[in-house]
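Q: Please take a close look at one part of this protein, an open sheet and the helices that pack on it. How are the strands ordered, and which helices touch them?

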Amino acid sequence: MQYQPKIDPKPAPLSNKGLKLFVNEDLKRIPHLRYRTTVGYKYCEFLEQAVVDQFQGHRMTPQLIDAMARNLTAYVYQKFPNVHPHEAQRYACHAAIVGSNPVAQWTSRPYLARVDPVVYLNSKIKPLPLQNQQVFKLAYLILLVDGQGFSQLQSLLNKLDDGSALIMVHVPLGLDATYKSVQDLVNGGTKPIKTIYLQTNRYPILGGHSNNLFALLAGLFELQGLGKWDYVINLSNYDWPLRRNSDIHKILAKRKENSWIDFWIDHKSFAQWILRPTLVSKDNTELYHPPELGMAPHLMHHWQPYRQSPWMILSSRAVSHLKSNESILFLSQVEFTLNAMESFFATVFLNDQKMRDLVQPDKKRYVRTSKSGQLQWIGFKDRYIFPPGSEDPTYLFMGPFNSVGSYFGENKMVDWIEINHMQLTKAAPCRKEQLGFRDECIRELVLPTAENDDIILIALNSAYLKMASNLRCSLAKLGMKNVIHWALDEHAHETLMEEQLVSYFAPLVKGSQKKVPADDPQMVQIMRNKPIILRKLLNAGFNVWYLDADTVALGDFRKKQRIYTKLYQADVLFSQSAPTPISPARLLLQAPLINAGIAYFSANSKTVDFLSDVISLLEADRRLTDQDAFQMIINQRTIWTGIGSTGEDEYSENSSEDESDQDTASERCRVHFLDSQEFPNGQLYFDHPNLLTKEIKIVHSKAPATQEKLSEHQLWFLDKDSCLF
């Protein structure tokens with residue numbers, strides 16, 4: 001049995017509004033005598049059984065069309081002797097039967113109503129017999145870019161061929177040596193079920209020519225004849241997967257029968273592409289856009305044209321729709337247009353009422369290009385573009401990628417993808433670089449640094465690396481080395497990792513490497529993730545001191561923490577933005593304005609609930625900063641236990657909790673505020689030192705703090721890369 005595209009049994013009628021779908025109601029309204037099927041073409045065989053509009057040329061015959069096409073072919077040759085003969089003939093035939101174009105000009109409106117789908121398709125894509133229909137989850141169509149990429153193709157096939165996917169490889173015409181190598185590779189398999197095939201219908205590949213589109217369509221139809229599958233993905237030999245086939249299918253199956261095409265409206269480009277005829281040279285190396293041929297009429301004028309990325313994921317249903325009558329009519333229109341592959345699929349699907357809702361505006365792959373649109377190689381330094389761990393990742397593939405190279409660290413990238421994407425499960429061993437995206441690893445990776453489950457979290461970007469080193473020095477002088485870091489950019493994270501320091505880096509939460517003010521919009525958005533990260537650390541069982549990188553420790557603040565958490569049963573501690581007035585009875589008249597750059601969070605359920613409330617508020621109002629949300633939840637849903645303490649003699653570290661007369665029955669989080677005398681901000685410390693009468697524990701220097709400024713006030717403890725003490 002031969003493979004035949006699905007067609008409708010009756011020719012398509014037309015209305016005054018353009019070509020309609022084949023429904024009986026249309027046939028009742030429009031006289032049958034207007035449209036007829038023409039037969040007897042000799043020179044233009046692919047027009048056999050074309051439906052024409054007799055109102056535009058009732059005396060026109062296939063023989064006259066053939067004769068006109070021969071004359072037009074001669075005209076094209078006269079102007080452009082290097083045009084491919086087959087291409088010139090097909091263009092001449094198409095121009096002749098349309099009639100209403102600058103080179104034919106025998107009718108004011110198109111004579112052609114539609115081509116016969118089977119005849120036309122078979123003239124460009126040789127029909128193949130159906131094979132034994134094996135069942136697969138996925139299908140891949142790999143279009144070989146050039147003859148230099150055989151090693152990359154071999155590497156890609158080894159990665160994709162796990163038995164669950166049907167794979168087709170298209171080797172362009174002209175690459176005979178490469179075709180032989182791929183043929184030997186495909187035929188050399190020893191698996192009981194063949195899964196890799198060479199595409200039978202081959203085409204020369206040239207950027208912008210419709211042969212690229214026909215190569216893709218031929219591969220899609222051939223894959224449907226070889227087996228049953230849910231989704232087909234087109235790749236080049238320079239692409240690389242970021243998930244296993246089973247994971248890819250699971251992710252795609254969440255949207256049953258959907259297809260993924262990155263599309264947009266670009267009338268300017270589309271007008272240049274589809275209205276200007278494009279012909280290829282005899283050697284398939286050059287395109288011509290002859291202005292003498294004028295503009296080509298667009299028969300599908302009732303369709304909205306779309307531009308799209310050539311990389312797609314199509315459902316089996318979508319591929320079947322490509323054989324519909326209107327799809328083939330549109331295909332015949334774009335055969336002689338520029339960049340047909342970058343408009344055909346989106347335009348066909350989005351102009352169909354049943355298919356348009358099944359198209360997702362995404363290609364699920366990362367394509368690296370320069371500002372000028374040139375493809376650029378992906379390397380190891382780009383790994384954070386592909387954050388691991390997501391159940392619905394942004395990217396499933398990436399390219400261009402030289403999987404057998406090492407110049408851009410590609411070998412390391414392959415290993416990194418294998419560890420962090422292909423083989424990543426909750427049972428997989430934990431690695432230091434996975435701290436930011438594997439919550440199940442937080443306890444294991446942070447515990448060696450913690451001190452009695454207490455940790456100090458420092459937030460920094462690259463501009464604050466030196467400032468953070470100074471903070472670590474000040475902490476080390478006080479005997480505190482239980483420090484981990486929240487890196488806000490890739491360079492900061494890599495620097496910390498090289499120094500064997502613990503770095504929490506979430507690839508989806510990253511910003512500039514430069515020093516920016518706290519109210520910078522990007523920094524504000526990044527810091528809105530602070531309560532999320534704190535909650536993860538608390539859920540892992542750690543009590544967390546949070547410090548901005550521009551703070552400096554001058555005294556052991558841990559004793560104060562123990563006083564407030566024992567004596568006042570406080571769950572959370574915050575420093576203040578400014579001193580807060582209190583009543584003579586030392587009662588808070590209002591919640592102080594907090595400074596979220598110095599804070600402590602105890603690992604218990606009330607603190608976790610407090611952070612969850614902050615996170616919910618931030619999700620509900622994207623205008624809020626993290627400090628705004630902390631302040632609002634403190635004002636509305638917490639118990640304030642006071643500011644500082646009257647004196648350390650009120651508390652003994654050996655005392656029991658029973659000695660406190662505080663009410664601990666409430667489920668609300670208890671917040672205590674640090675004394676601004678002991679935890680001053682930079683303005684108070686630098687500008688009003690005479691107001692500070694107590695022993696200082698931490699100074700929050702804040703911007704525009706510099707090394708010179710801190711040195712001037714004896715707050716600099718770093719000499720080059722080492723601590724001064």
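A: A contact here means heavy atoms within 4.5 Å. Directions are taken from lines fitted to C-alpha atoms, for helices over the stretch in contact, and angles run from 0 to 180 degrees between N-to-C directions. The model is predicted.

In this model, helix H18, residues 530-539, lies across E20, E21, E22, strand E23 (543-548) and strand E26 (594-601). The direction of H18 runs at about 150° to E23.

The strands that H18 crosses belong to an open sheet of 8 strands, ordered E22-E21-E20-E23-E26-E25-E28-E27. The pairing within this sheet is mixed. Strands of a sheet pair through backbone hydrogen bonds, either parallel or antiparallel.

At the edges stand strand E22 (503-504) and strand E27 (638-643); each has a single partner strand, so one side of each is left without a neighbour in the sheet. A second helix, H16 (residues 490-498), also packs on the sheet, where it touches strand E20 (454-460), strand E21 (483-487) and E22. The direction of H16 makes about 155° with that of E21.

At the E27 edge, strand E28 (residues 669-673) is joined to E27 by 5 bridges, and the two run parallel. Within this pairing, Ile 639 stands opposite Arg 670 in E28.

As for the setting of the sheet, the protein chain holds 23 helices and 31 strands. Of its 725 residues, 56% are buried. Among contacts between residues at least 6 apart in sequence, 74% join residues at least 24 apart.

Definitions and conventions: Residues are numbered from 1 along each chain as its sequence is written. This is a predicted model: local features need pLDDT of at least 70, side-chain atom pairs count only at pLDDT 80 or more; totals for chains, interfaces and linings use all residues. Side-chain values use heavy atoms; hydrogens and water are left out. Helices (H or I, at least four residues) and strands (E, at least two) are DSSP runs, numbered from the N terminus. Buried means under 20% relative accessible area, exposed over 50%, partly exposed in between (1.4 Å probe, protein chains only). Two strands pair if DSSP finds at least two bridges between them.
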